[in-house]
Amino acid sequence: MQLINVFTEPGKLFERLKEKPDVLLPMGLFILVSCLVIFFYFSRVDTDWMIMQTLSANEDMKPADIAAAKEHMSGNIMMISGLIGAALGIPVVYLIMAVYYMLAGKVLGCKDERFLAWLSFSLWSSMPQLLSGLVALVGIFGMSPETTLQSLNLTHLSPLLLDLPSSSRWYALATSVDLLSIWSMGLAAIGLRSWTGSSWTSAIIVAALPSVVIYGIWAVVVAVM
């Protein structure tokens, strides 16, 4: 029911989460979907082609360097690394987000909520981004063997609105920006206003600040470099 309410009645959901946090379900779903995307992608992609694409994207590498690096890479190694990265990295990301929301909540006047509640808050407010993984998972089963993983992120700035080549200096940034994160910011703002009683302006600023800072700094660095 909560999986439906987060999209249809987020205000009521956050009221329940304040009293009874739920961490295991959303965390499990994020890890499961990410691992399924990685597993099925590497099961279908032409790994030799993918490795060459990955290595060739580094303009500083000479042909001899690429050949040497290729000997130490394989599809299985990359898949296992990706699975481990998802299983360990996703919890770390949401733990950091929970710390941010807990501190921001104190500033906004919510001083009594437990860390577990804010961890639940960070997970459930990010639930729209789970749809991005599901879209990629569906796309994997119709892709050609010579398809990059980034091109399957159809809810991201690139390829949804932009069609940047991998050689573009803006490629990494554009393929990292998930437009569904705007939806997540809206949910976070609703939850913050419910939990702290703050104004809409304050709630929206707190919800949007991490993305604005991260991608803003990233864009400046790319522009300058």
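Q: What share of the area that the protein chain exposes do carbon and sulfur atoms supply?
A: Let's start at the surface of this predicted model. The protein chain exposes about 12,200 Å². Of that area, the part supplied by carbon and sulfur atoms is 68%.

Q: How many helices does the protein chain have?
A: Try following the chain from the N terminus: every element in the run α-α-α-α-α-α-α-α-α-α-α-α is an α. Strands come to zero, and the count of helices is 12.

Q: What percentage of the residues in the protein chain is buried?
A: A residue is called buried when its relative accessible area is under 20%. The protein chain has 225 residues to sort in this way. The buried ones make up 38%.

Q: Which residues have the most contacts inside the largest nonpolar core?
A: This core has 48 residues. Helices that each supply at least two of its residues include α3 (24-44), α7 (115-125) and α11 (180-196). The residues with the most contacts inside the core are Tyr 41, Trp 118, Phe 121 and Leu 192.

Q: Which residues does Trp 118 touch, not counting those up to four places away in sequence?
A: Here, touching means having heavy atoms within 4.5 Å. With the sequence neighbours up to four places away set aside, the partners of Trp 118 are Ala 98, Tyr 101, Met 102, Gly 105, Cys 110, Glu 113, Leu 192 and Trp 195.

Q: How far apart are the mean positions of the positive and negative charges?
A: The protein chain carries 12 positive and 15 negative charges. Taking the mean position of each group, the two points lie apart by 12 Å.

Note on methods
Residues numbered from 1 in each chain as written. Predicted model: local features only at pLDDT ≥ 70, side-chain atom pairs only at ≥ 80, totals over all residues. Heavy atoms only, no water. Helix = DSSP H or I, 4+ residues; strand = E, 2+ residues; numbered from the N terminus. Buried < 20%, exposed > 50% of the residue type's maximum accessible area, 1.4 Å probe, protein only. Areas by Shrake-Rupley, 256 points an atom, 1.4 Å probe, with all protein chains shown as cover. Lys, Arg positive; Asp, Glu negative; His and termini not counted. Charge placed at Lys NZ, Arg CZ, Asp CG, Glu CD. Core = buried A, V, L, I, M, F, W, Y, C linked by side-chain atoms within 4.5 Å.
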